[in-house]
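Welcome! Here is a short briefing to help you find your way around a structure you have not met before. Take a look at it first, then read on.

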Amino acid sequence: MQTDQVRNIILVGFMASGKSSVGRALSRRCGWPRVDIDEEIVARAGKPIADIFQDSGEAAFRELERTVVSEICAESGRIIAAGGGSFIDEASRRTMLESGTVFYLSTRPETIRRRVTRGHPNAPVRPLLADGDPLEHIKELLAQRTPAYSQAHHTLATDDLTPDRVAEAILKICGPGL
Ligand code: S3P
């Protein structure tokens, strides 16, 4: 494994774009450990993300997120799954772009809505999608965020792909060194 070629593989994209499951598939295939920024935040705060938003507000969540991003990105040879808003924060975005190869998993709003409303027993509550018409809200937030997501090194449209196929495409782009 040539960590001097690709230091970390960093997955960014909207909520429910598959970052965690693609991260797991990548880790299985290339053997690099997977780190999930949201899981790390929950472990440090000692409570779920919805509770952090409710008790301390989004700004406090973003501050904790920035700290965790900077610590995790200082490591090498990691598959890093980032929370959907972390790449929107300028400081976190710069940190990620400098510390690895960043892949934006792009997803259509309808796909996101299907995934968040179908739900999953272990899916986290997503405070930013808790109110109003989910599709309209997803479209609006996605439009605001797309200019930032587009600064990733690579963009992959993932709507019709399984996590394993996305992982394969990423490893192909990273080259034989991984
Ligand atoms: C957020 C996405 C969530 C989590 C938090 C805020 C966002 O992560 O970090 O609820 O701003 O898009 P996922 O993308 O893993 O759902």
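The notes below cover the sheet and then the ligand.

Please keep in mind that this is a predicted model. Two topics make a good starting point: an open sheet of five strands, and a ligand with 13 residues around it.

**The sheet**

- Reading across the sheet, the strands come in the order E2-E3-E1-E4-E5, and their pairing is parallel.
- Strand E2 (34-36) and strand E5 (154-157) each have a single partner strand, so they stand at the edges with one side left without a neighbour in the sheet.
- From one strand to the next, the twist averages 25°.
- If you follow strand E4 (residues 101-106), you will find four bridges joining it to E5, and the two run parallel.
- Within this pair, leucine 105 stands opposite leucine 156 in E5.
- Helix H2 (residues 37-45) packs on the sheet, where it touches E2 and strand E3 (78-81). The direction of H2 makes about 60° with that of E2.

**The ligand and its surroundings**

- Of the 13 residues that surround the ligand, the closest are Lys19, Asp38, Arg62, Arg126 and Arg145.
- Sorted by class, this shell holds five charged, five nonpolar and three polar residues.
- Lysine 19 has a polar side-chain atom 2.7 Å from an oxygen atom of the ligand.
- For aspartate 38, an N or O atom in the side chain is 2.7 Å from a ligand oxygen atom.
- Glycine 85 takes part through its backbone, with an N or O atom 3.2 Å from an oxygen atom of the ligand.
- The ligand exposes 390 Å² when taken alone, and the protein buries 95% of that.

Key. Residues numbered from 1 in each chain as written. Predicted model: local features only at pLDDT ≥ 70, side-chain atom pairs only at ≥ 80, totals over all residues. Heavy atoms only, no water. Pairing = 2+ DSSP bridges. Axes fitted to C-alpha atoms, helices over the stretch in contact; angles between N-to-C directions. Contact = heavy atoms within 4.5 Å. Near = heavy atom within 4 Å. Polar contact = N/O pair within 3.5 Å; in protein donor to acceptor, adjacent residues only side chain to side chain. Areas by Shrake-Rupley, 256 points an atom, 1.4 Å probe, with all protein chains shown as cover. Nonpolar A, V, L, I, M, F, W, Y, C, P; charged D, E, K, R; others polar.
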